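Thank you all for coming; I would like to walk slowly through a structure that is new to most of us. Please have a look at it before I begin.

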Amino acid sequence: MDGIDGLNGGDPVTAEQMRALFMRLGAPFKIVDDATPFRVEVAKRISALNSAIGGPVDAAVAAADRAEIRTQVAREFFVGEHGREPVDARELAGQIAKDSRPRAQTVAGFDLTFSPVKSVSTLCAVADPSVAAAIERAHQAAVNDALSFIEQQALFTRTGPQGIRQVNVRGLVAAAFTHRDSRAGDPDLHTHVAVANKVQTLDGRWLSIDGRVLFKAKVAASETYNTALEQHLREALGVRFAERAGTDPGKRPIREIVGVDPRLNERWSTRRASINVRRGELAVQFQQDHGRPPTPVEALHLAQQATLETRDAKHEPRSLAEQRATWMNEAAAVLGGRSAVASMVATTLAPAA
């Protein structure tokens with residue numbers, strides 16, 4: 001923050017500062033033409049479809065119509081390139097992925113989200129306020145550890161012709177927003193970090209982040225956060241972590257706080273479960289309709305559609321006291337009373353034998 005006069009790390013962020021951070025800092029962001037022959041042909045056919053039905057040529061079309069057009073164009077491109085029809089859905093999907101891949105684009109910023117395993121949010125929701133405050137401090141410390149990892153290992157810019165030279169920078173500039181609940185109102189401690197795509201070189205210039213390195217480091221940053229959070233919580237509260245029962249052996253183990261009742265974790269994961277079910281239904285329907293699996297971009301759109309279709313109306317703002325009262329009542333209903341909740345918390349915080 002030394003490169004920005006009048007601001008210090010940890011200051012509250014105003015709306016005007018957000019606009020300045022993401023829209024005015026350094027040179028204007030460029031709009032890069034990402035058109036490819038495949039995208040151009042798809043756009044032409046969408047315009048033709050709109051003209052045929054008497055609508056504006058640039059009007060948006062239904063997702064199903066767009067997917068059908070993309071499938072037709074991809075099949076034609078595949079035949080033109082290989083001299084034969086694609087033998088299966090995988091070849092067809094691969095053609096779409098290859099031909100629709102855009103050139104690198106400059107973006108205004110990057111969104112990083114740090115969210116603990118569900119048992120951390122669960123314990124934070126029903127423990128005494130002093131314990132909840134300690135959990136939030138541990139969470140913030142782990143977020144800072146992850147951001148420090150990014151600054152030290154994954155934050156660079158590029159200079160010279162075609163960005164040939166990768167150079168070090170002073171550090172990232174970002175705004176963090178912490179929430180205690182999900183859209184459905186369940187306990188869900190998490191922090192969004194909006195990272196501006198402007199960094200200052202050691203000689204004082206403001207340039208764009210080398211996004212390729214940052215993108216590749218997201219998984220490592222997440223692991224840094226998870227490891228740091230466990231350490232901070234052990235030091236502050238003495239809690240222990242263990243692998244969640246039933247974890248898929250082919251995936252990274254998920255570690256939960258020992259003693260937190262899984263029934264509460266499940267009770268307060270209804271939002272994610274609904275999204276996953278609907279996303280699976282949409283993927284199956286897409287395969288049936290188009291004879292191929294969705295591309296990564298189309299899968300992202302399906303995930304977004306599932307999120308929107310399962311989204312509850314956003315609840316009215318609640319004070320922390322109101323949130324905690326609601327969560328305590330829900331936990332008591334699941335576990336069989338407030339005394340059962342208190343017993344669970346005590347067991348969780350009890351030192352190991």
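When I speak of helices and strands, I mean DSSP runs, at least four residues for a helix and at least two for a strand, numbered from the N terminus. Please also keep in mind that this is a predicted model.

Let me begin with Arg-292, which sits in the loop between helix H10, residues 270-290, and helix H11, residues 296-309. Is this arginine buried or exposed? Arg-292 counts as buried, because its relative accessibility is 0% and the cut-off for buried is under 20%. Its side chain makes a polar contact of 2.8 Å with the side chain of Thr-71, and the Arg-292 side chain also reaches the backbone oxygen of Ala-67 at 3.5 Å. Beyond its neighbours within four places in sequence, Arg-292 is in contact with several residues, among them Ala-89, Leu-92, Ile-96 and Glu-298.

My second residue is Glu-256, which lies in strand E9 and counts as buried because its relative accessibility is 9%. The side chains of Glu-256 and Ser-119 are joined by a polar contact of 2.5 Å, and, residues up to four places away in sequence not counted, Glu-256 also touches others, including Lys-118, Arg-240, Phe-241 and Asn-265.

Strand E9 leads us to helix H8, residues 218-237, since E9 is among the elements that cover the buried residues of H8, together with, for example, helix H6 and helix H13. Those buried residues include Tyr-225, Asn-226, Glu-230 and His-232. Helix H8 has 20 residues and spans 28 Å from its first C-alpha to its last, close to the 28 Å expected, and after H8 comes Gly-238, with a positive phi near 75 degrees.

Note on methods. Residues are numbered from 1 along each chain as its sequence is written. This is a predicted model: local features need pLDDT of at least 70, side-chain atom pairs count only at pLDDT 80 or more; totals for chains, interfaces and linings use all residues. Side-chain values use heavy atoms; hydrogens and water are left out. The expected span of a helix is 1.5 Å times one less than its number of residues. Buried means under 20% relative accessible area, exposed over 50%, partly exposed in between (1.4 Å probe, protein chains only). Contact means heavy atoms within 4.5 Å. A polar contact is a pair of N or O atoms within 3.5 Å; within protein, one must be able to donate a hydrogen and the other to accept it, and residues adjacent in sequence count only if both atoms are side-chain atoms.
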